[in-house]
There are 2 protein chains.
Amino acid sequence: MTDTIVNAIKWTDNTLLLLDQRVLPEQEVFLSFKTASKVAEAIQTMVVRGAPAIGITAAYGIALAALDQHGSPVASLKPAFAVLAASRPTAVNLFWALQRMQERLDSKAIVDANALLAEALLIHSEDLAANMAMGEAGAGLIQETGGGCVLTHCNTGSLATGGFGTALGVIRTAFKQGLIDLVYADETRPWLQGSRLTAWELAKDHIPVMLIADSAAAYVLKTKPVRWVIVGADRITANGDVANKIGTYSLAVLARYHGVKFMVVAPFSTIDFALQSGQQINVEERSADELKFIQGRRLAPDAVNAFNPVFDVTPGGLIDAIVTERGVVVNPDIQSMSALKTNGKYQSAPA
Amino acid sequence: MTDTIVNAIKWTDNTLLLLDQRVLPEQEVFLSFKTASKVAEAIQTMVVRGAPAIGITAAYGIALAALDQHGSPVASLKPAFAVLAASRPTAVNLFWALQRMQERLDSKAIVDANALLAEALLIHSEDLAANMAMGEAGAGLIQETGGGCVLTHCNTGSLATGGFGTALGVIRTAFKQGLIDLVYADETRPWLQGSRLTAWELAKDHIPVMLIADSAAAYVLKTKPVRWVIVGADRITANGDVANKIGTYSLAVLARYHGVKFMVVAPFSTIDFALQSGQQINVEERSADELKFIQGRRLAPDAVNAFNPVFDVTPGGLIDAIVTERGVVVNPDIQSMSALKTNGKYQSAPA
């Protein structure tokens, strides 16, 4: 079904296995999990990251709790839902996946571990199918403008999803169609998802990749034949505003300035229609130490403060297309976004 | 004469001492130099960096060679000039300083070490005086718009100059005048001059500093009360285009988009009137390993390429003011820049 070269989330023998993304690319280590609280800790400490992957992982976390509480009153899973919901604030897929698990739980009188595990597995496989559909739709947009080079930020590939990827899924599909000569990958400070994860995935797939410092993106957009900037999303609001990895907003401004198209690729579950605009998004700030240290080595003096917002918000007006498995929204705004809601799956929204 | 808290370039006992900027802030180590070729190596390997500091260091390198060749024919210094000129391609101050030393050499029949050392010391002390003058002029611009927060990139302080600093000199002076609440400092990948050097200098001076990822600058410009982006320059062309640390061009585009003013601070010697525009500048590219490793630790897979331009070029049209010791050029272009040439020292150019 897929060409993905790595499966970072595995369910086997009633155990969740997560590829520890903190030590890639130097080490490829799977950690095993048996409880929801340990899964929440893995999300918090970024063993797993990427909005879709976080949602899938949280669903498996509930499945683990259900196995432990099989046959108990449904209220016995409350602590598991609470600890997982508190693990990361910005990725809406997390809350969406927990909501799906809650609905499946609420349909029963007592905890049915099999039903909840089936739901988690379904969430996982649906995400993979959605990625494949988004890959086709996004590659179609690149086909329209003509190919060349693309630029991407953070990691949105197999490691960030149920497999294949969102923005990186589009890049994979477009590359296979002969539309992409070279991928410029921002290193993506402070976690270096670009250097450590995206470069690693693309190299494994033999897709030509050129790593750049985040601050070199403007120079690349000005001097190289880049046609599209392609990124993922952690949360999309009803008007098409996009919360994503810090630096995404910067790229959107720079792309518009240089006449380069800007594409956001995310599953429909990333859209939070309850939020009218990006101003209502609670942007996560993480520890200053993520900037001041790297792999335990000090970079900045102890006395210095650092401001470490993990996400920023890109207004829909700077985005040329939002690609979901339910269709593509060109020039997103409140009207074009709402049309997606009434779409069936895998159809194109009116441009 | 100055409040500078660190003197990174010292001449003592016919020896050049350079503070090793590669190991700051963890270690404060001075390395000593006795030959021009070792000085060239120090420039190439970034023991010393910052365009004005490189120029001063190169002048002392010639002084060392002159001490060795005192009384010899002037041609005996040719190898010293050649090796120093080849050490870094972009910083015009390097060539300017070597030119001054050459002119001093050419005025004699044989190598006069005392004359050449006097010229190097003069270049050094003139740079310091220029920094103080630029500090006053730049702070005047901030006074006009009203103060608040500023954002800076790379290191342009005592470590990058003969002392005090260019952009950081303006920040020091403006802070003393009560015009600056907080300095946002880009960490400045790949060398992290912001984290390691700028944050260190500002903390020593008790100027409030907040470190940010380079890619967070757009978010900061959008959400924080930043009035000015203030940067240095490695080379300025006749039309006001500015070559400076990679990421400077990105900041200029972002500042213009957000209605934030953009100031470049550099000594007059940084201006290369022989170049008509930034398109003629040879932008240095350094090793991919500067992005793929940090302090010897691998960040990216071996198989991956990296594109590591060290500088970019910002068009004069995106710059609100270029501050030099000979005056301030508002909205730089070919006419306003050429007015600087006819100015005496420390006068204001017509806006």
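A salt bridge, for this tour, is a side-chain nitrogen of Lys or Arg within 4 Å of a carboxyl oxygen of Asp or Glu. Counted that way, there are 34 salt bridges over all chains. Keep in mind as you click around that this is a predicted model.

**Stop 1: a long-range pair in chain A.** Select Glu28(A) and Lys204(A). Their side chains form a salt bridge, with N to O at 3.6 Å. Now colour by secondary structure: Glu28(A) sits in the loop between strand 2 (15-19) and strand 3 (30-33), while Lys204(A) belongs to helix 7 (residues 193-204). The two are 176 residues apart, so this pair links distant parts of the chain. Switch on a surface and look at Lys204(A), which is partly exposed at 36% relative accessible area.

**Stop 2: a local pair.** Next, pick Lys38(A) and Glu41(A). This is another salt bridge, its closest N and O atoms 3.9 Å apart. Both residues are in helix 1 (residues 36-44) of chain A, and because they are three residues apart there, about one helical turn separates them. Glu41(A) is partly exposed, with 46% relative accessibility, and Lys38(A) is partly exposed too, at 45%.

**Stop 3: a buried pair and its network.** Jump to Glu284(A) and Arg88(A), whose side chains meet in a salt bridge at 3.0 Å, N to O. Glu284(A) is in the loop between strand 11 (271-272) and helix 10 (289-292), and Arg88(A) is in the loop between helix 3 (78-85) and helix 4 (92-106) of chain A. Along the chain they are 196 residues apart. Are these two buried or exposed? Both Glu284(A) and Arg88(A) are buried. Add Arg286(A) and Glu290(A) to the selection: together with Arg88(A) and Glu284(A), they are linked in a network of salt bridges.

**Stop 4: over to chain B.** Hide chain A and show helix 3 (residues 78-85) and helix 4 (residues 92-106) of chain B. Their axes come within 10 Å and cross at roughly 170°. Angles over 145 degrees count as roughly antiparallel, and the two helices are therefore roughly antiparallel to each other. Which residues make the contact? From helix 3 of chain B, show Phe81(B), Leu84(B) and Ala85(B) as sticks; from helix 4 of chain B, show Leu94(B), Phe95(B), Leu98(B), Met101(B), Gln102(B) and Leu105(B). Colour this set by residue class and you get eight nonpolar residues, one polar and no charged ones.

Note on methods:
Residues are numbered from 1 along each chain as its sequence is written. Chains are lettered from A and ligands numbered from 1 in the order in which they are written. This is a predicted model: local features need pLDDT of at least 70, side-chain atom pairs count only at pLDDT 80 or more; totals for chains, interfaces and linings use all residues. Side-chain values use heavy atoms; hydrogens and water are left out. Helices (H or I, at least four residues) and strands (E, at least two) are DSSP runs, numbered from the N terminus. Buried means under 20% relative accessible area, exposed over 50%, partly exposed in between (1.4 Å probe, protein chains only). Axes are lines fitted to C-alpha atoms, for helices over the stretch in contact, and angles run from 0 to 180 degrees between N-to-C directions. Angles under 35 degrees count as roughly parallel, over 145 as roughly antiparallel, 65 to 115 as roughly perpendicular and the rest as oblique. Contact means heavy atoms within 4.5 Å. Ala, Val, Leu, Ile, Met, Phe, Trp, Tyr, Cys and Pro count as nonpolar, Asp, Glu, Lys and Arg as charged, and the others, Gly among them, as polar.
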